[in-house]
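The exercises below are meant to be worked with the sequence and the model side by side. Please attempt each task before reading its solution.

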Amino acid sequence: MLKKKRFGRLNDLRRNLMFIQLSGRLANVVYSMDTTNTEFLPYQYKPVLTFLESPCNGLLIADEVGLGKTIEAGLIWTELRARYDARRLVVVCPAMLRDKWCMELGNRFGVDATQLDASELAKELKRGKYETRDGKGYVCSLQGLRPPPDWRDTDKRYGRAGLARVLDELTESEPAIDLLVIDEAHYLRNPETQSAALGRMLRDVSEHVVLLSATPVNNQADDLYQLLRLVDPDSFNVRDQFPQVLAANEPLIRARNLVLDLSSTGEQIRHQLKSAQAHPLLKGNRQLRGVLEEPMDAAFLSENANRVALADRVERINLLRHTICRTRKVEVHEWKVVREANSDFVEVDPDGAEREFYVRVTDAIRRYARAKDISDGFLLSLPQRQMSSCMYAAAISWADRSAVWDAASQVYEDQGGIESPRQNDVRPLIRHIASEVLPGFDIDLLERQDSKFERFCEVVTRYLTKHPSEKIIVFAYFKPTLNYLNDRLSSVGITCQTLHGDIAENKQDAIHRFRDSRGTRVLLTSEVASEGVDLQFCSFVVNYDLPWNPMKIEQRIGRIDRIGQRAERVLIWNMGYANTI
């Protein structure tokens with residue numbers, strides 16, 4: 001008809017536009033608005049809009065802990081279902097988060113979500129996409145799908161190797177997955193791991209990709225680059241250029257933050273914008289030139305609407321705007337919780353059993369390192385961290401030869417528990433400590449003279465007495481510490497519940513049991529409760545030991561400092577021994 005220069009009538013155009021709108025294809029309509037069982041929080045639609053504008057069909061959502069990244073991913077899926085014939089959602093997450101994902105998708109978004117293992121997912125993906133019921137969700141564990149390193153050399157057609165073969169075969173076909181969501185995506189940041197290999201294989205068979213992680217912007221630049229390569233492999237294909245992109249963005253980020261700071265001046269904002277303009281990647285940017293033409297005088301900036309509009313214009317210049325979306329808690333006005341943090345580093349008696357034990361273990365490790373002609377730096381870290389968590393628990397654990405591997409593997413859970421460690425790394429060292437230090441040392445003295453526990457028990461008892469309806473969350477990365485605290489607190493009449501990776505009970509069921517129990521006042525938990533868990537019914541968290549990665553501490557605190565916290569302030573208490581690692 002175009003070649004013949006024949007055109008339809010005006011009513012034909014109206015009918016076509018109406019059809020497009022009813023079928024969900026108009027970009028200026030947000031179809032996920034008011035169609036889900038979620039509280040309306042405007043900032044949670046920012047990823048939806050960014051996703052719809054993104055030319056790469058992918059997005060990394062990097063909101064701070066507790067702002068609802070799960071909900072934002074669900075809104076994106078709702079939007080896709082409304083706009084297109086999206087049928088198959090696949091969520092990949094750490095194993096401990098599968099139940100929560102199924103519950104959230106069902107309760108908030110009406111998605112029938114089923115948990116699948118590698119063989120079941122392979123079977124499902126081999127089916128035609130249109131054989132899948134509209135809007136079906138599949139939730140899988142990252143550990144359960146990760147391909148074995150030798151999957152190409154094996155004839156296995158089942159399990160993880162079988163899934164890898166199916167994904168490899170589907171690469172050249174139409175996308176088998178409408179939306180792939182990878183939760184806690186920072187576990188894929190190392191491109192050499194099998195977890196990262198799984199991410200690449202799943203991405204290659206997916207129409208749209210959403211990664212969720214609160215930590216990527218706090219990690220090294222290469223970690224962020226590797227995640228963005230999963231989101232948009234075409235744009236992020238030259239590693240050496242990425243630092244230049246980050247450098248160009250830095251003054252833009254500062255400028256945007258200044259715009260939203262009501263105390264900032266136009267001169268301060270303009271200084272950052274000109275700094276950005278001086279970068280080669282932004283030198284000829286028309287959007288930036290247009291922003292600099294704004295008056296930015298006191299009268300202009302006195303209007304909040306002007307500041308919001310200006311911040312949006314600056315953000316649109318950001319070179320990563322189509323691939324990463326991040327909201328910080330300081331930017332969220334619908335919900336404010338004050339953090340009250342205290343650190344308590346207990347001084348030990350220099351002539352007491354605790355100091356003697358710490359010094360003996362440190363000296364034994366150094367002798368071991370000299371005998372093996374290796375550096376003592378890493379060797380010192382694990383035992384010293386275990387002692388810094390709880391000296392008595394460390395000694396008892398080392399004395400139990402059947403628990404040597406469990407003691408040596410504690411740092412593994414602390415670091416995420418996704419890629420398996422080499423089991424022979426530190427077991428000989430633990431055996432050496434047990435044989436060199438423990439004989440002749442009265443371990444029971446460490447319990448009787450436990451200065452850290454005495455301080456902990458004093459504060460916990462006072463708080464629970466003053467707040468009879470409140471509960472406390474206590475984190476410790478060393479499982480023997482949790483068991484020790486449970487025994488000691490129980491002996492003084494405080495009922496506790498313990499949660500760690502060796503407990504068979506479903507994690508969400510355990511948390512609900514703790515929440516609903518009137519008599520259980522303290523939850524003692526390892527890192528399994530630091531991700532994907534809602535504990536906002538509590539307002540006091542104790543870090544009985546401190547992870548090396550500060551983002552681990554943030555994740556712990558984020559269990560109570562999150563959407564749904566009704567207290568005006570949350571209490572954080574960090575504990576440790578003075579003059580230890």
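**Exercise 1.** Is helix α17 (residues 391–399) mostly covered or mostly uncovered, and how many of its residues are buried?

*Solution.* Before counting, note that this is a predicted model, in which local features need pLDDT of at least 70 and side-chain atom pairs count only at pLDDT 80 or more, while totals for chains, interfaces and linings use all residues. Residues are numbered from 1 along each chain as its sequence is written, and side-chain values use heavy atoms, with hydrogens and water left out. Helices (H or I, at least four residues) and strands (E, at least two) are DSSP runs numbered from the N terminus. A residue is buried under 20% relative accessible area, exposed over 50% and partly exposed in between, with a 1.4 Å probe and protein chains only. On that scale α17 is mostly covered, since 7 of its 9 residues are buried. The buried residues of α17 are Met391, Tyr392, Ala393, Ala394, Ala395, Ser397 and Trp398.

**Exercise 2.** Describe the aromatic cluster to which Tyr392 belongs, and classify the pair formed by Phe453 and Phe456.

*Solution.* Begin with the rule: rings of Phe, Tyr and Trp (its six-membered ring) pair if their centres lie within 6.5 Å, and planes under 30 degrees apart count as stacked, over 60 as edge-to-face and the rest as tilted. This rule yields 13 aromatic pairs. For Phe453 and Phe456, the ring centres are 6.2 Å apart and the planes stand at 50°, so the pair is tilted. Next, place the two residues in the sequence: Phe453 and Phe456 are 3 residues apart in helix α22 (residues 451–466), and therefore about one helical turn separates them. In general, an α-helix has 3.6 residues a turn, so residues three or four places apart point the same way. Both Phe453 and Phe456 are buried. Finally, one aromatic cluster brings together Tyr392, Phe453, Phe456, Tyr484, Tyr544 and Trp573.

**Exercise 3.** Characterise how helix α3 packs against helix α2 and against helix α4.

*Solution.* Axes are lines fitted to C-alpha atoms, for helices over the stretch in contact, and angles run from 0 to 180 degrees between N-to-C directions. Take first α2 (residues 46–53) and α3 (residues 69–83), whose axes lie 9 Å apart at an angle of about 45°. That angle makes α2 oblique to α3, given that angles under 35 degrees count as roughly parallel, over 145 as roughly antiparallel, 65 to 115 as roughly perpendicular and the rest as oblique. The contact (heavy atoms within 4.5 Å) involves Pro47, Val48, Phe51 and Leu52 of α2, together with Glu72, Leu75, Ile76, Glu79, Leu80 and Arg83 of α3. Sorted by class, the residues of this contact of α2 with α3 are 7 nonpolar, no polar and 3 charged, where Ala, Val, Leu, Ile, Met, Phe, Trp, Tyr, Cys and Pro count as nonpolar, Asp, Glu, Lys and Arg as charged, and the others, Gly among them, as polar.

Turn now to α3 and α4 (residues 98–109), whose axes come within 11 Å and cross at roughly 55°. The helices α3 and α4 are therefore oblique to each other. On the α3 side the contact is made by Thr70, Ile71, Ala73, Gly74, Leu75, Thr78 and Arg81, and on the α4 side by Trp101, Glu104, Arg108 and Phe109. The classes in the contact of α3 with α4 are 5 nonpolar, 3 polar and 3 charged residues.

**Exercise 4.** Which residues does Gln555 touch, not counting residues up to four places away in sequence?

*Solution.* Gln555 is found in helix α25 (residues 550–557), and its relative accessible area of 4% makes it buried. With the stated exclusion of residues up to four places away in sequence, Gln555 touches Val65, Glu184, His186, Thr215, Ser530 and Glu531. One of these partners, Glu184, is found in the loop between β5 (177–182) and α8 (194–203). Glu184 is a residue other than glycine with a positive phi, near 50°, and at 10% relative accessibility Glu184 counts as buried.

**Exercise 5.** Is Asn57 buried, partly exposed or exposed?

*Solution.* Locate Asn57 in the loop between α2 and β1 (58–61). At 29% relative accessibility, Asn57 counts as partly exposed. Its phi is near 60°, a positive value in a residue other than glycine.
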